[in-house]
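Colleague: Could you walk me through this model, step by step? I am new to reading structures.

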Amino acid sequence: MILEGRVAAVTGAAQNIGKAIAMSLAGEGAQICVLDINLREAEATAEEINERGGRAVAHKVNIADFDEVMALVPKVLDSFDAVDILVNNAGITRDNLLARMSEDEWDSVMAVNLKGAFNCCRAFCRPMIRQRGGRIVNIASVIGLTGNTGQSNYAASKAGMIGLTKSIARELAPRGITVNAVAPGFIDTAMTQALGDTIRENLLSRVPIRRLGHPEDVAAAVTFLASDRAAYITGQVLNVDGGMVM
Ligand SMILES: NC(=O)c1ccc[n+]([C@@H]2O[C@H](COP(=O)([O-])OP(=O)(O)OC[C@H]3O[C@@H](n4cnc5c(N)ncnc54)[C@H](O)[C@@H]3O)[C@@H](O)[C@H]2O)c1
């Protein structure tokens, strides 16, 4: 097991990609702090990990709230003594065409996806700096690289996350902390199941591997980047998209 003895905090781990990441890290021996705004489902993820013989604790947090995230760190350290891995996975969409996009649709996506990632990096880098090591993996999106009609807010937030990743990778490298981004493509989750058949078929025709990604495909990349095997990789964006963007 490549993550034996490590502690990982995963945001948005109540369902879908975040849950798959939490399960995969736990499967490699990491203890998991399941963070989500949805406490009931976060507790269900933690319970599943504990039932499989791992160790997990759930905490409710709104990652968009700076003070709430700062206050979370001592609670996590109370349960686990250290935080070795942070995965910033929680994210939302509020799609609309630019001409119709409300201020709230713009602000809420930036608050959760971009400021939320900043808040968590800011809060959890302190214990990592003290420990002289750590891993941060930010879940961006290929949309942050290509842009997408109706997703200017989401694309801007994910592109911002990539800039955040590269900047703090430079800052934290001398402290033994690597920071990378994983950019999923078209993953089979509620987010993509909500799209109509025509849009799905159209998107699929642009994927050379000719299938949707599974949450486990994203989780495998995160698990690698969180491990010692990725010790010499920092500031990178790893696309997990079946070859959609290359
Ligand atoms: N599904 C895809 O095809 C796809 C593609 C590219 C990137 N992504 C990214 O992957 C990540 C996970 O996507 P998903 O499809 O699993 O999403 P999802 O909506 O299924 O899950 C997101 C989780 O984040 C939590 N969350 C939302 N706002 C929060 C907040 N303010 N504070 C704490 N937790 C909050 C939700 O409760 C939920 O459990 C997102 O960042 C998303 O942008 C997804």
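**Strands, helices, rings and ligand**

Modeller: Happy to! One pairing to start with: Leu35 stands opposite His59 in β3. Please keep in mind that this is a predicted model.

Colleague: Over how many bridges do β2 and β3 pair?

Modeller: Strand β2 covers residues 31–36, and His59, which lies in β3, has Leu35 opposite. The two strands run in the parallel sense, and their pairing extends over five bridges.

Colleague: Which strands stand at the edges of the sheet?

Modeller: Let's follow the order of this open sheet of seven strands, which is β3-β2-β1-β4-β5-β6-β7, with parallel pairing. The strands at the edges each have a single partner strand, so one side of each is left without a neighbour in the sheet. They are β3 (56–60) and β7 (237–240).

Colleague: By how much are neighbouring strands of this sheet turned against each other on average?

Modeller: Here direction is ignored. The average turn between neighbouring strands of the sheet is then 20°.

Colleague: What angle does the direction of helix α9 make with that of β6?

Modeller: Let's take two helices in turn. Helix α6 (residues 152–172) lies across β4, β5, β6 and β7, and runs at about 160° to β6. Helix α9 (residues 215–225) packs on the sheet and touches β4, β5, β6 and β7. Its direction and that of β6 make an angle of about 165°.

Colleague: Are the rings of Phe66 and Phe118 stacked or edge-to-face?

Modeller: The count of aromatic pairs comes to one. The ring centres of Phe66 and Phe118 are 6.3 Å apart and their planes meet at 20°. Planes under 30 degrees apart count as stacked. The angle of 20° therefore makes this pair stacked.

Colleague: How many residues apart are Phe66 and Phe118?

Modeller: Phe66 belongs to helix α3 (residues 66–80), and Phe118 to helix α4 (residues 103–131). The pair thus links distant parts of the chain, and its two members are 52 residues apart.

Colleague: Is Phe118 buried or partly exposed?

Modeller: Buried means under 20% relative accessible area, and exposed means over 50%. Phe66, with 27%, is partly exposed. Phe118 has a relative accessible area of 37%, so its label is partly exposed.

Colleague: Which residue has a polar backbone atom 3.0 Å from an oxygen atom of the ligand?

Modeller: The ligand is surrounded by 26 residues, and the closest are Gln15, Asn16, Asp36, Asn89 and Tyr154. A ligand nitrogen atom is 3.3 Å from a polar backbone atom of Ile37, and a ligand nitrogen atom is 3.3 Å from one of Val61. For the oxygen atom at 3.0 Å, the residue is Ile17.

Note on methods:
Residues numbered from 1 in each chain as written. Predicted model: local features only at pLDDT ≥ 70, side-chain atom pairs only at ≥ 80, totals over all residues. Heavy atoms only, no water. Phe/Tyr/Trp six-rings, centres within 6.5 Å; stacked < 30°, edge-to-face > 60°. Helix = DSSP H or I, 4+ residues; strand = E, 2+ residues; numbered from the N terminus. Buried < 20%, exposed > 50% of the residue type's maximum accessible area, 1.4 Å probe, protein only. Pairing = 2+ DSSP bridges. Axes fitted to C-alpha atoms, helices over the stretch in contact; angles between N-to-C directions. Contact = heavy atoms within 4.5 Å. Near = heavy atom within 4 Å. Polar contact = N/O pair within 3.5 Å; in protein donor to acceptor, adjacent residues only side chain to side chain.
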